[in-house]
Amino acid sequence: MEDVSNAYEPGDDTAAGGSYAAPKTTQDPDVGRRAFRQALVDARVLYPSAVEGIYGRSGLFESIADGLNAAISKLGADQHAEVMRFPPAMPRKDFEASEYLKSFPQLAGTVHCFCGSDRDHHRLLARLEQGEDWADQQRPTDVVLAPAACYPVYPVIAARGPMSADGMVVDVLTYCFRHEPSIDPARMQMFRQREYVRLGTAEQIVAFREVWMERGRKLAGMLELPHEVDLANDPFFGRGGKIVADSQRELKLKFELLVPINDGAPPTACMSFNYHMDHFAHAWPLRTADGEPAHTGCVGFGIERLTLALLRHHGFELAKWPKRVREVLGGL
Ligand code: ATP
Ligand code: ZN
């Protein structure tokens, strides 16, 4: 078998090292994205598919992802979070309640199935055989793909009635789906978000977010990743979306921790620190101990993006990574 272990050298901002020549002079950010993607595919770190943004992950990739999750758990041990693990799907009615379609219709993925008769089945097979479109025969189910790890949490907590005065912290991890096909290896259609979700009063959420912005920086530092934290906004859809995004910025509702991943492209958001105000308490009856609409916020770690950032900066050979970084990841 061909040896692919040396196909990529760690990114180095001061020296052009390794067989992956960083295309630094170009203005087109896609050149750097394609080059990193190709290096990952050539080294069999990611397995590409016929669809952009849908990849298989190698053992190396998964061991780094596992290490990240362990490091995040350690960082959050004092949160006494309730651990919840959901499949990468949620009830359509909860998804509708979240108003995701109002803000991000372009990203949503719904699950459709064949629900027909024998005759419909014959028609389906005939269309397939003739290479015709068959998908319009599929019917929507009660299931949609999870767009963010924290969404399934809110209806569960709301159903329990008012929270205690301390509010709650929930620890979630799930694959999420966003329809944003891209050649950027850091922009996948299915990727994992690890989140701590805070529910309670406005003051509790704001304090939580402060703590986690500091911890996010600390984690990036311990992983020896160049990074910066910046104000951000979500990609709200359409003409009205611009106004919503501006207001999100003005209210400082979203911050991101950015790491350079693709040469010649802007740095990539690898963590986000979100304050939703009482948005989700309007979708579900989330109440504080006083019976007031609860506020919520979350810190989200992009497991794929952080893994890619580590591969980009430390290389494809774990043995050559800084010892301290491997220790932070549970002794990889
Ligand atoms: P909210 O709960 O407010 O909707 P969120 O924190 O759940 O926000 P984002 O901030 O959009 O959702 O995403 C969280 C993290 O997920 C990002 O910081 C990023 O690391 C990762 N992420 C987002 N989109 C992608 C993608 N297409 N491919 C890989 N990782 C992604
Ligand atoms: Zn979230």
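Let's start with a pair of side chains: R324 and E224 form a salt bridge, and their closest N and O atoms are 2.9 Å apart. Keep in mind that this is a predicted model. The pair ties together distant parts of the chain, 100 residues apart: R324 belongs to helix α11 (residues 323-328), while E224 sits in the loop between α7 (202-222) and β9 (228-231). How exposed is R324? With a relative accessible area of 58%, R324 counts as exposed because the cut-off for that label is over 50%. Its partner E224 is partly exposed, at 30%.

What's behind such pairs? Side chains of opposite charge can pair when their charged atoms come close. This structure holds 23 salt bridges, so let's visit a few others.

Take E52 and R37, whose closest N and O atoms are 3.2 Å apart in their salt bridge. Here E52 is in the loop between β1 (46-47) and β2 (56-57), and R37 is in helix α1 (residues 29-42), 15 residues apart. E52 is partly exposed at 29% relative accessible area. R37 has 15% relative accessibility and counts as buried, because buried means under 20%.

Now find R194 and D171, which meet in a salt bridge with an N to O distance of 2.8 Å. R194 is in strand β8 and D171 in strand β7 (residues 168-177), with their positions 23 residues apart in the numbering. Are these two buried or exposed? Both R194 and D171 are buried.

Next, head over to ligand 1. It has 21 residues around it, and the closest are R178, E180, K254, S272 and N274. A polar side-chain atom of R178 lies 2.8 Å from an oxygen atom of the ligand, and a polar side-chain atom of H276 lies 3.1 Å from an oxygen atom of ligand 1. A186 joins in with its backbone: an N or O atom there is 3.4 Å from a nitrogen atom of ligand 1. How much of ligand 1 does the protein cover? On its own, ligand 1 has 630 Å² of accessible area, and the protein covers 94% of that. β8 (190-200), β11 (268-277) and β12 (295-302) each give two or more residues to the shell, with β11 giving the largest share, 6 residues. Sorted by class, the shell has 9 nonpolar, 5 polar and 7 charged residues.

Last stop, the surface. L125, L128 and W134 make a nonpolar patch of about 270 Å². W134 sits in the loop between α5 (118-129) and β6 (139-145), and is partly exposed at 34% relative accessible area.

How values were computed:
Residues numbered from 1 in each chain as written. Chains lettered and ligands numbered in written order. Predicted model: local features only at pLDDT ≥ 70, side-chain atom pairs only at ≥ 80, totals over all residues. Heavy atoms only, no water. Near = heavy atom within 4 Å. Polar contact = N/O pair within 3.5 Å; in protein donor to acceptor, adjacent residues only side chain to side chain. Areas by Shrake-Rupley, 256 points an atom, 1.4 Å probe, with all protein chains shown as cover. Helix = DSSP H or I, 4+ residues; strand = E, 2+ residues; numbered from the N terminus. Nonpolar A, V, L, I, M, F, W, Y, C, P; charged D, E, K, R; others polar. Patch = residues over 30% accessible without salt bridge, like charges linked within 9 Å, V, L, I, M, F, W, Y side chains within 5 Å. Salt bridge = Lys/Arg side-chain N within 4 Å of Asp/Glu carboxyl O. Buried < 20%, exposed > 50% of the residue type's maximum accessible area, 1.4 Å probe, protein only.
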